[in-house]
Amino acid sequence: MKDAFGAPQSLLLLGGTSAVGLATARRLIARRTRTVWLAGRPSPGLAAAAASLRALGAEVRVVPFDALDTDAHAERLGQVFAEGDVDLVLLAFGVLGDQTRDESDPAAAVRVAQTNYTGAVSAALVCAGALQAQGHGSLVVLSSVAGERGRRADFIYGSSKAGLDVFAQGLGDALHGTGVHVMVVRPGVVRTAGRPDAPLSTTPEAVAGAIELGLRRRSETVWVPGPLRLVASALRHVPRPLHRRLPV
């Protein structure tokens, strides 16, 4: 259950090495989140992430999880909920892919779609059912502004996020009134090591702050940065011949 400060006491992070997910975990630990499950494929990066959060005072457990192994989701994630209530599930895994390469490699494009959409749908439904059974909790789904409209530069990734975004919106409506809160987060380009800057880009820490504020407000949709909502709304109505020429 949430503590007196309004912060979740327990967090399940799907995508245990996600920069946004870990920034959110750090922020919530500072606000008295005490138990964190990091779900991801076993790796030195996952082990390091767990150690960094333990150093902040949290009890951290690592859960083997592969977005593509949907047959194992119910068992793996069910084990987490069997240990006790989970106040917050943050679905933060996903892959960008390589648009140029993936266009000529259908199998690679399918992996992007299966990870970002199929795997996310499976994990979200498992967690939603568990949250509903316990009668409370929040499910935060990390979407992307790339899902707002198809772009030449990233339509494979963008289409997977568009599907996930619509799914999460519908799931939120399906769970309305059950005590389970679903929030969709739509960041712009997140600045991390190796990624170029872009207009209206953001940082993992800024997204984490927006997630925390959205949880307090029980928001259903969060844009990061906020003005991105107006830009996306305008771009949605630009005629396609003109949209093709825009540097977006």
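These legends go with several close-up views of a predicted model.

**View 1. Here is the protein as a whole.** The chain has 248 residues, and 48% of them count as buried. Its secondary structure adds up to nine helices and seven strands. Among contacts with a separation of 6 or more, 72% link residues 24 or more positions apart.

**View 2. This one shows the open sheet of seven strands.** Reading across, the order goes β3-β2-β1-β4-β5-β6-β7, and the pairing is parallel. Strands β3 and β7 (221-224) sit at the edges with a single partner strand each, so one side of each has no neighbour in the sheet. From one strand to the next, the twist averages 15°.

**View 3. Now we look at the sheet edge where β6 meets β7.** Strand β6 (residues 180-187) runs parallel to β7, and four bridges join the two. To find one of them, look for Val184, whose bridge partner in β7 is Thr221.

**View 4. Helix α3 (residues 73-82) has a buried side and an exposed one.** His73, Leu77, Val80 and Phe81 are the buried residues. They share a side of α3 because they cover an arc of only 95° around the axis. Over on the other side, Glu75 and Ala82 are exposed. The buried residues pack against β1 (10-14), β2 (35-40), β3 (59-64), β4 (88-91) and also α5 (106-134). Just after α3 comes Gly84, with a positive phi near 150°.

**View 5. Last up is a helix lying across two strands.** Helix α6 (residues 155-175) lies across β5 (137-142) and β6. Its direction runs at about 155° to β6.

Notes:
Residues numbered from 1 in each chain as written. Predicted model: local features only at pLDDT ≥ 70, side-chain atom pairs only at ≥ 80, totals over all residues. Heavy atoms only, no water. Buried < 20%, exposed > 50% of the residue type's maximum accessible area, 1.4 Å probe, protein only. Contact = heavy atoms within 4.5 Å. Arc of directions from axis to C-beta. Pairing = 2+ DSSP bridges. Axes fitted to C-alpha atoms, helices over the stretch in contact; angles between N-to-C directions.
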